[in-house]
Structure formats: C-alpha cells, structure tokens
Amino acid sequence: MSRLHIDWTACDGRGVCTELLEEMLVEDDWGYPVARDGQREPVVPPPLEAAAKQAVDRCPMLALRLLRLLRR
Ligand code: SF4
C-alpha cells in the first residue's frame with residue numbers, strides 16, 4: 001500500500017493525473033489535483049496502484065510521488 005504525495009509547489013495544474021486517476025483525484029477551481037477523500041496524501045487502493053505509478057511517471061513536473069506504507 002502507498003500514499004500519493006502531491007507537490008503543489010511543482011505542479012502546473014494541467015490535470016494529467018486527474019485524468020489517469022479520476023477515481024482518486026479531482027481538479028480544484030484552479031486545475032490543481034486534490035484527493036476526492038479530502039486527504040492531503042491519499043491512500044492508493046491496491047486496484048489503483050498501476051494507474052498511480054503511471055500518473056507519477058507521466059507527471060511533466062515530477063510533482064507526484066508514491067510513499068510506501070510500512071506494514072506492521
Ligand atoms: S500531472 Fe503533475 S503537473 Fe499535472 S496536474 Fe498532476 S501533479 Fe500537477
């Protein structure tokens with residue numbers, strides 16, 4: 001499991017990630033991605049891991065990162 005970190009200082013708000021991860025992300029009024037669940041670093045559900053990796057790889061501003069969650 002992982003969380004999606006969005007660096008809004010690097011993001012240019014064009015919304016590639018909101019298209020690839022529409023189940024998780026939505027654009028705010030200015031086009032910046034925000035989590036649908038309101039979390040700052042939303043948990044990526046296992047079925048969306050591949051799409052999340054694709055969003056990270058395709059972000060033109062390198063503004064996305066996946067943070068691995070440690071299992072206990
Ligand atoms: S793909 Fe990257 S630059 Fe584009 S909106 Fe998403 S986080 Fe911002």
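**Notebook: two salt bridges and a ligand shell**

I began with Asp-12, which is partly exposed at a relative accessible area of 31%. That label fits because buried needs under 20% and exposed needs over 50%. I noted at once that this is a predicted model.

**Entry on the Asp-12 pair.** Which residue does the side chain of Asp-12 meet in a salt bridge? I found Arg-14, with 3.4 Å from N to O. I then looked up the cover on Arg-14. Its relative accessible area is 67%, so Arg-14 counts as exposed. This pair therefore joins a partly exposed Asp-12 to an exposed Arg-14.

**Entry on the ligand.** I turned to the ligand next. How many residues surround the ligand? I read off 13 residues. The closest are Cys-11, Asp-12, Gly-15, Cys-17 and Cys-59. So Asp-12 came up again: Asp-12 is one of the closest residues to the ligand, and its side chain also meets Arg-14 in the salt bridge. I sorted the shell by class. The shell has 9 nonpolar, 2 polar and 2 charged residues. I also checked the space that the ligand takes up, and that space is the largest cavity.

**Entry on the Glu-49 pair.** How many salt bridges does the count give? The count comes to 2. Besides the Asp-12 and Arg-14 pair, I found Glu-49 and Arg-68, whose side chains meet at 3.6 Å, N to O. This pair links distant parts of the chain, 19 residues apart. Glu-49 lies in helix α2, residues 49–58. Arg-68 lies in strand β5, residues 64–68.

Is Glu-49 buried or exposed? Glu-49 has a relative accessible area of 13%, so Glu-49 is buried. Arg-68 is at 51%, so Arg-68 counts as exposed. I wrote down that the cut-off for exposed is over 50%.

**Entry on Ser-2.** I followed Glu-49 to another partner. The side chain of Ser-2 makes a polar contact with the side chain of Glu-49, at 3.0 Å. Ser-2 sits in strand β1, residues 2–6. At 0% relative accessibility, Ser-2 counts as buried. So the contact joins a buried Ser-2 to a buried Glu-49.

**Entry on Ala-55.** I stayed with helix α2, where Ala-55 is found. Ala-55 is at 2% relative accessibility, so Ala-55 counts as buried. How far apart in space are Ala-55 and Glu-23? I got 12 Å, C-alpha to C-alpha. In sequence, Ala-55 and Glu-23 are 32 residues apart.

Technical notes:
Residues numbered from 1 in each chain as written. Predicted model: local features only at pLDDT ≥ 70, side-chain atom pairs only at ≥ 80, totals over all residues. Heavy atoms only, no water. Near = heavy atom within 4 Å. 1 Å grid on protein atoms, 1.4 Å probe; cavity = no way out; pocket = protein on both sides within 12 Å on 5 of 7 lines; lining within 4 Å. Sits in = over half its atoms within 2 Å of the grid points. Nonpolar A, V, L, I, M, F, W, Y, C, P; charged D, E, K, R; others polar. Salt bridge = Lys/Arg side-chain N within 4 Å of Asp/Glu carboxyl O. Buried < 20%, exposed > 50% of the residue type's maximum accessible area, 1.4 Å probe, protein only. Helix = DSSP H or I, 4+ residues; strand = E, 2+ residues; numbered from the N terminus. Polar contact = N/O pair within 3.5 Å; in protein donor to acceptor, adjacent residues only side chain to side chain.
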